[in-house]
Amino acid sequence: MYCVDLNSDMGESFGAYKLGGDEEIIKYVTTANAACGWHAGDPMVMDKVVKMAKERNVVVGAHPGYPDLMGFGRRKMVLSFDEVKNYVKYQIGALHAFTQSYGMKLNHVAPHGAMGNQCQYDEGISTAIVEAVTEFDKDLIIYYCAGAVLGDIAKAAGLRTASEIFADRAYMDDLSLVPRKMEGSVITNEDVAIARCVRMIKEGKVTSINGKELDIKGDTLCVHGDGPKALAFVQRIRETFAKEGIEIKHL
């Protein structure tokens, strides 16, 4: 029997600006990565996401990013070690206030956007995140992009980890995500996306954008909540996985 967590990035609206279909997507996932107010989200949005998660028995993790609302946290920033560490700690603490108020336990930390992408190879940023989590709550799980150095550093620090794979993103030959500015970086064809998901989980394989066969490990499968096919993807994943003998449950 195969088993995987199904997560989605949520709470990425801000003030009067609405992004993503959280109300519908949350019906199909087991885990929500909630924006913490820096790349997206605000206190009202965070409260709404945690409340919905509580009602649907969906676990919640922090999705900290760079303080870059205009760029949605997808632009690299040059920060000191302590800045990264304290920015992450600050965002985890903000979301924790809401999970605690609803009697929920914060489940994990999944770095967002440029911060998460830099964790593929950047040991400094990865270590700063790991230290922030360790000092806050050693029981939190670190979600890291498959193959990222963040996973190794978190494991060495004694933290629980989950290797994250993506339903809607293409991979480079080194397992890093294809930069969004490149054509083909985001997968919008439902059939292609679902077939890739099944193969990643059952065979531990994925084909890079250049046609190279790569080994990949997936504990948790992510569908980006702001994607144009996000709702269709999570619905099809549920239907297909049931037929393929893949159980979906949170970690």
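**Exercise 1.** Take strand 9 (residues 220–223) in this predicted model and work out which residues sit on each side, and whether they are buried or exposed.

*Solution.* Start with the general pattern: in a regular strand, side chains alternate between the two faces of the sheet. Now apply it here: Thr220 and Cys222 go on one side, with Leu221 and Val223 on the other. Then check the accessibility: all four residues named are buried, and both faces of strand 9 are covered.

**Exercise 2.** Find which strands are joined to strand 9, and in what sense they run.

*Solution.* First, strand 1 (residues 2–10) runs parallel to strand 9, with four bridges joining them. Asp5 stands opposite Thr220 there. Next, look at strand 6 (residues 160–166): it is joined to strand 9 by three bridges, again parallel. On this side, Phe166 has Cys222 as its bridge partner.

**Exercise 3.** Trace the chain from strand 2 to strand 3 and give the handedness of the crossover.

*Solution.* Begin with the pairing: strand 2 (residues 31–35) and strand 3 (residues 59–63) are parallel, over five bridges. One handy marker is Ala34, whose bridge partner in strand 3 is Ala62. Between the two strands the chain passes through helix 2 (residues 43–56), and this β-α-β crossover is right-handed. As for burial, five of the five residues in strand 3 are buried.

**Exercise 4.** Classify how helix 7 (residues 190–202) and helix 8 (residues 230–244) cross.

*Solution.* Get the geometry first: the axes come within 10 Å and cross at roughly 45°. That angle is neither under 35 degrees nor in the 65 to 115 range, so helix 7 and helix 8 are oblique to each other. The crossing is right-handed. Finally, contacts: helix 7 residues including Ile194 and Val198 meet a helix 8 set that includes Phe233 and Ile237.

Terms used
Residues numbered from 1 in each chain as written. Predicted model: local features only at pLDDT ≥ 70, side-chain atom pairs only at ≥ 80, totals over all residues. Heavy atoms only, no water. Buried < 20%, exposed > 50% of the residue type's maximum accessible area, 1.4 Å probe, protein only. Pairing = 2+ DSSP bridges. Right-handed = clockwise from strand over helix to strand, strands pointing away. Axes fitted to C-alpha atoms, helices over the stretch in contact; angles between N-to-C directions. Parallel < 35°, antiparallel > 145°, perpendicular 65-115°, else oblique. Left-handed = near helix turned anticlockwise from the far one by under 90°. Contact = heavy atoms within 4.5 Å.
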